[in-house]
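The following report describes a single protein chain, moving from its interior to the side-chain contacts around it and then to the chain as a whole. Please read it with the sequence and the model at hand.

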Amino acid sequence: MEIICFEKKAFEEFAAKIERFIQRVEDIPHLKGMRETNDWLDHYEVCRKLRISKRTLQTLRDNGTLAYTKIGNRTYYLPEDVERIVTKVEDRRREARHKGRTV
């Protein structure tokens, strides 16, 4: 283990810079109002709610129908975004049934 010593004044300046950085990050407009990830839905919950497969969910992401956020290797969805497309998915399911197919 390596130990690094700071003069008190240098440490206080460094700590103040870190505090200013944190404040600037918290003030970024698109981050304001962001929720904790425990409010978000994962792929399993979205597939279950929409009654679709993982592949269909991938298609909804790919074609821009459903917004998502990736954090590391995990993909999350806002509940209101999922609710917004429920009718679209149901309409596609109805159309497919009408044509004798399933979705």
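In this predicted model, the largest nonpolar core is made up of twelve residues, namely Leu41, Val46, Cys47, Leu50, Ile52, Leu57, Leu60, Leu66, Tyr77, Val82, Ile85 and Val89. Three elements each give two or more residues to this core: α2, spanning 43-50, α3, spanning 54-62, and α4, spanning 79-98.

Two members of the core can be followed through their contacts. Leu41, once residues up to four places away in sequence are set aside, touches Val46, Thr75, Tyr76, Tyr77, Pro79 and Val82. Tyr77 is placed in the loop between β2 (74-76) and α4, and with a relative accessible area of 0% it counts as buried, because the limit for that class is under 20%. With residues up to four places away again left out, Tyr77 touches Trp40, Leu41, Asp42, His43, Val46, Leu57, Arg61, Leu66, Ala67, Tyr68 and Val82. Among these partners is Leu66, which is eleven residues from Tyr77 in sequence, with a C-alpha to C-alpha distance of 8.1 Å in space.

Arg61 links this tyrosine to another aromatic residue. The side chain of Arg61 makes a polar contact of 2.5 Å with the side chain of Tyr77, while the charged end of Arg61 sits over the ring of Tyr68, 5.5 Å from the centre of that ring.

Polar contacts between side chains are also found elsewhere, and they are collected here together with the one just described.

| Side chain | Partner side chain | Polar contact |
|---|---|---|
| Tyr77 | Arg61 | 2.5 Å |
| Asp81 | Arg84 | 2.8 Å |
| Asn63 | Thr65 | 2.5 Å |

Is Asp81, a residue of helix α4, buried or exposed? At 14% relative accessibility Asp81 counts as buried, since the value falls under 20%. Apart from its neighbours within four places in sequence, Asp81 is in contact with Leu66 and Ala67, and both of these residues are also touched by Tyr77. Asn63, by comparison, belongs to the loop between α3 and β1 (69-71), and its relative accessible area of 46% makes it partly exposed.

The loop between α2 and α3 holds Arg51, whose phi is near 55°, a positive value in a residue other than glycine. Arg51 has a relative accessibility of 53% and therefore counts as exposed, the limit for that class being over 50%.

Aromatic rings also meet one another in this model, where two aromatic pairs are present. One of them joins Phe6 and Phe14, with 6.2 Å from centre to centre and 25° between the planes, and this pair is stacked because planes under 30 degrees apart are placed in that class. Phe14 itself is partly exposed, at 44% relative accessibility.

Turning to the chain as a whole, four helices and two strands are assigned, and along the sequence they follow the pattern α-α-α-β-β-α. The protein chain has 103 residues, of which 19% are buried. Of the contacts between residues at least 6 apart in sequence, 50% join residues that are at least 24 apart. The chain exposes about 8,700 Å², and carbon and sulfur atoms supply 53% of that area.

Methods. Residues are numbered from 1 along each chain as its sequence is written. This is a predicted model: local features need pLDDT of at least 70, side-chain atom pairs count only at pLDDT 80 or more; totals for chains, interfaces and linings use all residues. Side-chain values use heavy atoms; hydrogens and water are left out. Rings of Phe, Tyr and Trp (its six-membered ring) pair if their centres lie within 6.5 Å; planes under 30 degrees apart count as stacked, over 60 as edge-to-face and the rest as tilted. Buried means under 20% relative accessible area, exposed over 50%, partly exposed in between (1.4 Å probe, protein chains only). A charge sits over a ring if NZ of Lys or CZ of Arg is within 6 Å of the ring centre and within 35 degrees of the ring normal. A nonpolar core is a set of buried Ala, Val, Leu, Ile, Met, Phe, Trp, Tyr and Cys residues joined through side-chain atoms within 4.5 Å. Contact means heavy atoms within 4.5 Å. Accessible areas come from the Shrake-Rupley method with a 1.4 Å probe; for residues, only the protein chains shown count as cover. A polar contact is a pair of N or O atoms within 3.5 Å; within protein, one must be able to donate a hydrogen and the other to accept it, and residues adjacent in sequence count only if both atoms are side-chain atoms.
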